[in-house]
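Let's take a walk through this model, one neighbourhood at a time. Keep the structure open beside you as you read.

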Amino acid sequence: MKRVDINCDLGESFGQYVLGCDDDIMNHITSANIACGFHAGDYATMRRTVALAADKGVKMGAHPGLPDLQGFGRRNMALLKGEAFELTLYQLGALEAFTRAQGVKLSHVKPHGALYNMAAVSEQLSEEIARAVHAFDPELLLYGLSGSELTKAGERVGLTVSHEVFADRTYQEDGTLTPRSQDGSLITDDTAAVRQVIQMIKQGTVTTLTGKVIPIQADTICIHGDADHALLFARKLREALIKEEVAITSPQSAAKKGV
């Protein structure tokens with residue numbers, strides 16, 4: 001039986017500004033990537049999101065981003081050598097304070113937005129992020145774009161990596177995501193998005209924006225929780241996976257079962 005993790009970026013509200021439907025969407029995922037205050041989130045939001053994930057039995061990971069609240073961490077920034085290591089380590093420590101207070105543990109790390117996309121193609125940036133995760137806790141999983149520089153760097157430093165695919169994003173022929181600034185970067189039709197996910201899991205391929213079919217490894221699926229119809233799509237995807245006899249489980253749970 002095929003198995004897959006469903007992850008979602010959560011805890012991205014800030015102060016009085018509420019983003020996403022965290023409480024409801026937490027019922028449909030197996031892993032939550034929690035913002036650590038740099039691109040979104042704050043100390044109160046982090047505490048609430050950790051408590052919510054613990055209550056729902058959802059694995060929780062750190063979602064470190066660039067220090068860019070204004071741009072929601074989606075704008076590229078020029079980082080000094082070593083800065084990616086430091087900002088990743090800093091944010092892991094911030095979130096772990098709340099998980100320790102709650103009596104639970106972090107399970108994984110997934111960079112956010114521009115940091116994620118930059119690391120996907122940069123060996124140096126990926127190396128710094130992977131080293132920061134390993135220095136913090138070598139037992140943590142590293143989530144990265146399937147087949148990217150980030151997953152390669154994670155494996156080099158001795159981390160267990162989880163190759164991530166996206167339900168609602170289109171792909172380029174080199175396996176990278178189509179930039180949000182380009183037309184066609186998002187899949188807005190739920191049926192098409194579900195069909196892409198099933199293809200990636202069961203066939204190990206994805207059809208790019210140009211129509212070329214390329215190989216891809218799908219260990220974990222990212223769904224976005226900040227879209228207007230996020231909850232409806234989460235339900236549709238989960239129902240489709242069950243119908244296709246795909247087991248929905250976190251990478252850690254699958255490992256314990258010897259999968």
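**A tour from helix H7 to the salt bridges**

Just after H7, Gly204 takes a positive phi of about 70°. Keep in mind as we go that this is a predicted model.

Now back up into the helix itself. H7 covers residues 190–202, and its 13 residues should span 18 Å at 1.5 Å a residue; the end C-alpha atoms are 18 Å apart, so expectation and model agree. At the N-terminal end, the cap is Asp189, with a side-chain oxygen 3.1 Å from the backbone nitrogen of Thr191.

Which residues of H7 are buried? The list runs Asp190, Ala193, Val194, Gln196, Val197, Ile198, Gln199, Met200 and Ile201. When you look at how such positions are spaced, remember that an α-helix has 3.6 residues a turn, so residues three or four places apart point the same way. As for what the buried residues of H7 pack against, the strands are S1 (3–10), S6 (160–166), S7 (205–207), S8 (213–215) and S9 (220–223), and helix H8 (230–243) joins them.

Strand S1 is a good place to go next, since Asp9 sits there. Asp9 counts as buried because its relative accessible area is 11%. Leaving aside neighbours within four places in sequence, Asp9 is in contact with Asn33, His63, Lys110, Cys222, Ile223 and His224. With Asn33, the Asp9 side chain makes a side-chain polar contact of 2.8 Å. For a sense of scale, the C-alpha atoms of Asp9 and Arg156 are separated by 26 Å, with their positions 147 residues apart along the chain.

What does Lys110 form with Asp9? The two make a salt bridge, with the closest N and O atoms 3.2 Å apart. Lys110 lies in the loop between strand S4 (108–109) and helix H4 (113–121), whereas Asp9 is in strand S1, so this pair ties together parts that are 101 residues apart in sequence. Lys110 has a relative accessible area of 2%, so this lysine is buried.

Lys110 also meets Glu164, side chain to side chain, in a salt bridge of 2.8 Å from N to O. Glu164 belongs to strand S6 and Lys110 to the loop between S4 and H4, so here the parts tied together are 54 residues apart in sequence. Is Glu164 buried or exposed? Its relative accessibility is 0%, so Glu164 counts as buried. Through shared partners, the salt bridges join Asp9, Lys110 and Glu164 into one network.

The structure holds six salt bridges, and another of them takes us to a new loop. Arg75 pairs with Asp68, the closest N and O atoms being 2.6 Å apart. The partners sit in contrasting surroundings: Arg75 is partly exposed because its relative accessible area is 45%, while Asp68, at 7%, is buried.

Stay in this part of the chain for Leu69, which lies in the loop between strand S3 (59–63) and helix H3 (83–102). Leu69 has 42% relative accessibility, so it counts as partly exposed. Together with Phe14 and Tyr17, Leu69 forms a nonpolar patch on the surface, and the three have about 330 Å² of accessible area together.

Phe72 lies in the loop between S3 and H3 too. Phe72 is buried, because its relative accessible area is 17%. The backbone here deserves a look: phi of Phe72 is near 55°, a positive value in a residue other than glycine. Most residues other than glycine have a negative phi. Glu245 is another non-glycine residue with a positive phi, of about 60°. You'll find Glu245 in the loop between H8 and strand S10 (247–248), and with 60% relative accessibility it counts as exposed.

Our last stop is helix H3, where Thr99 lies. Where does the side chain of Thr99 reach? It goes to the backbone oxygen of Glu96, at 3.0 Å. Thr99 has a relative accessibility of 1%, so this threonine counts as buried. Beyond neighbours within four places in sequence, Thr99 is in contact with Val50, Met60, Val104 and Leu106.

Technical notes
Residues are numbered from 1 along each chain as its sequence is written. This is a predicted model: local features need pLDDT of at least 70, side-chain atom pairs count only at pLDDT 80 or more; totals for chains, interfaces and linings use all residues. Side-chain values use heavy atoms; hydrogens and water are left out. Patches are made of residues with over 30% relative accessible area and no salt bridge: like charges are joined within 9 Å, nonpolar side chains (Val, Leu, Ile, Met, Phe, Trp, Tyr) within 5 Å. Accessible areas come from the Shrake-Rupley method with a 1.4 Å probe; for residues, only the protein chains shown count as cover. A salt bridge is a side-chain nitrogen of Lys or Arg within 4 Å of a carboxyl oxygen of Asp or Glu. Helices (H or I, at least four residues) and strands (E, at least two) are DSSP runs, numbered from the N terminus. Buried means under 20% relative accessible area, exposed over 50%, partly exposed in between (1.4 Å probe, protein chains only). The expected span of a helix is 1.5 Å times one less than its number of residues. Contact means heavy atoms within 4.5 Å. A polar contact is a pair of N or O atoms within 3.5 Å; within protein, one must be able to donate a hydrogen and the other to accept it, and residues adjacent in sequence count only if both atoms are side-chain atoms.
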